[in-house]
Every structure is written in C-alpha cells, then in structure tokens.
Amino acid sequence: SNRDESAAVLAYELDPDLSAVDRLQAGRIHLILSVRARNQGDSDEADERARDAVRRLEGTELIDAVGFAAAIASDLQESQRAEALTALGAGLATSLERYDKAGSLLTLQGRELARLGFAEEADAVLSKGVATLESHGDRGQRFRGKMNAGWVAFDRGILRDAEIAFDNLADRASDLNEPVTEASQLAYHSRALAMVGRINEAVARRNEARAIADEQGAYAISFLAALGEVEGALTWLRGDDSLQAAQAAMDITREYVPSWMNRILHYQAKASLLTGDRQSALAALTEARELTPAGIDGWRVRNLIRVTELEMLDGEWPQREAEDLTDEFLQAGQFLTAAELLTIRAGKEKDPELGLQAAALARQVGAPAHAALAIESAGAWNEPSVAAPVGELMRKAAAAMPDNWQTDLRNVPAFTHALEADVEEADPAELDDLLSDVLTSAGL
C-alpha cells in the first residue's frame, strides 16, 4: 500500500543500514523499496533491493522475494537467472504447500523459457502453472498468470491469441484495484491491437495506460506504451511516424529503462530503413548488437537484429544461414519473425514458395500487414486461393483504422493489392496446407 511504501522509504532514509530493525523487517523494507524502484523504471536499484530481500526473508515471504527478483532479472534481459529463480521459487512454494505461489512462479518460468527459445518446455510449464492457479490461486494470481500466457503469445508473434488473451483480462484488470497492473494490461493489449490493425482501439488503450502510468509514476508502463506506438507504425510501414515514435521511446528508455536500449535501437534502425536512411539504420544496428547480452540471454534480440541486417544485405546472400535461422525461429515458436524472414528470403532467393509460406504463417497468427507483404513477395495476387484470405484479413483491419491511416494504406502496393483482392469466396484451405508444410519441414 502507499502507506507501507511511505513508511519503508522513511525508514531507509533515516537508517540506510536498517540496523534498528530485525532481519525479517529489513527484508520486508527492501522488498517494498524494490517494488517501488521497478515501478519507477529503475531496474538496477530494484535488483539490488530484491537481492537484499532474498537474503533476509524466509518462508512465504522468501517465495515472494524470489519471484520478484526473477521478474527484475527478466527486466534486465537476464532470462537464464530469471528462469533459475522461478524454478527455485516454485520448488520452495511446493515444499511449503503454497501451490498458489507455485502456480504463479511456473507461469513466469514459462515466460522466461519462451524468451530463451525453449518452446515445448515453455508451453508445458505455462500450462501447468495456469492449471495450478485455476485450482489454488486467488483472483489476482489467476489474472497475472493469464497475463504471462498472453505475453508469451505476443512475444512469439501469435497476435490473434495475444489480443484475445489481453482482451479477456480487460474487465478483470480494473477490479483488482492495482493501478500499475491494470496499466500493464492496457499497454500490452494496445500493442497487440496495433499490430493486428485495430488502430482506433490501440490508441484508446495506450492513452489509458499512459494516464495511469503518469498518475502512478510508473515509467516502465510508459516504456511499454511507447513500444506499442513504434510497433504499430513499423508494422504498417508508416516511416515518419515510426521514426518519431522511436525517438520518443528512446528518450523514455534512456532515462528510465536503459537495459532495453538494444530493443529500441533495433526499432530505430527499422524506422530509419523505412525512411531510406541506411547509414543511420546500420549505425543503430551496430549499437544495438553491442548492447545485447552475450549468450542465450541475448538470443531473442540478437536474432531480431540479424533479420534486419539480412534485409539490408546487398552482397552475397548467406542462404544456409537464412535457412537455419528460419528453422530456429519456427522451432522456438517465433512464428511472426519466421514469417518476416521468409518474406525477405522470397525476394532475395527469388522463390515465391517462401513468400506463400510466410503468408500462411502470418495469416494464421492474425498479422494482416505481414501476410500482405508476403503475398506481394510471392507475386501471387492473381491466385485467389491465397490472395483472398489475406485480402479479407486486410479489409477487416482497415475498417478499424482512422481515416488517414486507411488512406495511407494505398501508399504501399502490398496493402493496396490486399484491399483490392476479390474476397467473396475466401477459403483458407490452400494456406492451411502451406502452413502444415512449413511446420513439418521444421520438424514440428
């Protein structure tokens, strides 16, 4: 509560060593201060306080401290540490028969396993955690568990599932009386809405999230909202908007969440590429790569950077690397990024079949912009069996956009062709067959 936070801040200011209180009370103060620091976007301070809390607390309070320390490790892109902490916390919770807390930690563990690219393990742990919470969790725990499930879907680019998950949580968010949690749900929902093309709703959710974030001083939520604005502009190839949004996001990131500069720099590179500034794009990619953690912690962002590097490549095409990277994305469940790479490969390798595979993936996850660009790369708008389902998806998206966005769609040939496709007898059967083929070829 605000009263507890104020008391903790005062206690720490008067006695930084907390020598006047016992070990457990000191641990509680450190945990409260860690939560406060995280909400304010200071992940390093939050991490230090969480470590202090873990060293001092015990029993169920230790479980909470370990779980929170894992969340902060995730914020810092240290997913290996985060995953290890969640496993430790879940085991401790089970040993104390606190199955509600075990379920919560399992959903967070699933989130980190997904970020590390372990798709099957992530799905198994996440399902177990959600099921455990259905039996043992309270309303707030079930909410946060389902938020983690929605986040995994969004991170993999399974936009339709992510949007449904976040939408289903909308009414429950305001009932929790936890403003920062509600703002987080709104921010993530806005991100999914923007990428599926429901721009009017995305802007409304984003504004709600920002209002709560400003009121609560929750700069981490402001960061999430800024990400969504960049992602929406990039998805729909709005060059100037994406560059402006990326700069605004950069300002927030630099001041409050510097551990995520690599991600924003990658977005800035994509925005610069959209506006034709290759030199700035290359410089941003280089810096983003330098800031990305080494090893498996940086797997996800490093591979996203590599996709953009491949898109910009003018020299000899590394076909074997591109093939391996595509399979890697598919096996990790990163379906939207796989579709993006397949679309790039279709152009570089002059192979329309790759574009059709990309369209099948993009349509399956509910990504109309990506699907249209894929059909364009395949030159297949004269094939109703594949063009019609994508055209249908694009028309639904356009109807949920502001008038100026609808008009601007016509500036992109792929989007124009999608809007003009005959959709009267849209049948996804052929795209479904292509989807089956591409997944089978990756051993899925």
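Glu-349 is buried in this predicted model, because its relative accessible area of 17% falls under 20%. Glu-349 sits in the loop that connects H19 to helix H20 (352–365). Leaving out residues up to four places away in sequence, Glu-349 touches Trp-317, Gln-319, Ala-322 and Leu-354. Its C-alpha atom is 34 Å from that of Glu-112, a residue 237 positions away along the chain.

**Helix H19 and the turn after it**

Helix H19 covers residues 335–348. Its 14 residues should span 20 Å at 1.5 Å a residue, and the end C-alpha atoms are 20 Å apart, so the expected and modelled values agree. How many of the 14 residues of H19 are buried? Eleven are, and the helix is mostly covered. The buried positions comprise Phe-335, Leu-336, Thr-337, Ala-338, Ala-339, Leu-341, Leu-342, Thr-343, Ile-344, Arg-345 and Ala-346. Just after H19, Lys-350 adopts a positive phi of about 55 degrees.

**Positive phi in two further loops**

Positive phi values also occur at Gln-77 and Glu-97, neither of which is glycine. The table sets out these two residues.

| Residue | Phi | Loop | Relative accessibility |
|---|---|---|---|
| Gln-77 | near 60 degrees | between H4 and helix H5 (79–95) | 4%, buried |
| Glu-97 | near 60 degrees | between H5 and helix H6 (99–115) | 57%, exposed |

Gln-77 counts as buried because its relative accessibility of 4% lies under 20%. Glu-97, with a relative accessible area of 57%, is over the 50% limit and therefore exposed.

**Gly-59 in helix H4**

Gly-59 belongs to helix H4, which runs over residues 59–75. Is Gly-59 buried, partly exposed or exposed? Its relative accessibility is 32%, between the limits of 20% and 50%, so Gly-59 counts as partly exposed. Once neighbours within four places in sequence are set aside, Gly-59 is in contact with Leu-92 and Leu-96. The C-alpha atoms of Gly-59 and Ala-93 are 8.5 Å apart, although 34 residues separate the two along the chain.

**The enclosed cavity**

Rolling a probe the size of a water molecule over the atoms reveals where empty space remains. The model has one cavity of 30 Å³ or more. The space in the largest cavity amounts to about 40 Å³. Which residues line the largest cavity? The lining consists of Gln-77, Ser-79, Arg-115, Trp-260, Asp-297, Arg-300 and Val-301. By class, this lining holds two nonpolar, two polar and three charged residues. Gln-77, a member of that lining, is also the buried loop residue with positive phi described above.

**The second largest pocket**

The second largest pocket holds about 220 Å³ of space. It is lined by 13 residues, of which Arg-206, Glu-229, Ala-233, Asp-241 and Trp-405 are the closest to its centre. Two or more lining residues come from each of helix H12 (199–216), helix H13 (219–235) and helix H14 (239–256). H12 gives the largest share, four residues. The lining divides into seven nonpolar, two polar and four charged residues.

**His-189 and helix H11**

His-189 is part of helix H11, residues 179–196. Its relative accessibility is 0%, and His-189 therefore counts as buried. Apart from neighbours within four places in sequence, His-189 is in contact with Glu-163, Phe-166, Asp-167 and Arg-205.

**Nonpolar cores**

In soluble globular proteins, nonpolar side chains tend to be buried together. The largest nonpolar core of the model contains 117 residues, and those touching the most other members are Ile-221, Trp-236, Leu-361, Ala-372, Ile-375 and Phe-415. Which helix supplies the largest share of this core? H11 does, with nine residues. Ile-221 is in contact with Val-180, Ala-183, Ser-184, Ala-187, Ala-209 and Ala-213, again leaving aside neighbours within four places in sequence. Another core, of 17 residues, lies apart from the largest one and includes Leu-31, Leu-57, Leu-76 and Leu-85.

Conventions
Residues are numbered from 1 along each chain as its sequence is written. This is a predicted model: local features need pLDDT of at least 70, side-chain atom pairs count only at pLDDT 80 or more; totals for chains, interfaces and linings use all residues. Side-chain values use heavy atoms; hydrogens and water are left out. Buried means under 20% relative accessible area, exposed over 50%, partly exposed in between (1.4 Å probe, protein chains only). Contact means heavy atoms within 4.5 Å. On a 1 Å grid over the protein atoms alone, a cavity is a set of points where a 1.4 Å probe fits but cannot get out, and a pocket is an open set with protein on both sides within 12 Å along at least five of seven lines; lining residues have an atom within 4 Å of a point. Grid points are joined across faces, edges and corners, and a volume is the space filled by probe spheres set on the points. Ala, Val, Leu, Ile, Met, Phe, Trp, Tyr, Cys and Pro count as nonpolar, Asp, Glu, Lys and Arg as charged, and the others, Gly among them, as polar. The expected span of a helix is 1.5 Å times one less than its number of residues. A nonpolar core is a set of buried Ala, Val, Leu, Ile, Met, Phe, Trp, Tyr and Cys residues joined through side-chain atoms within 4.5 Å.
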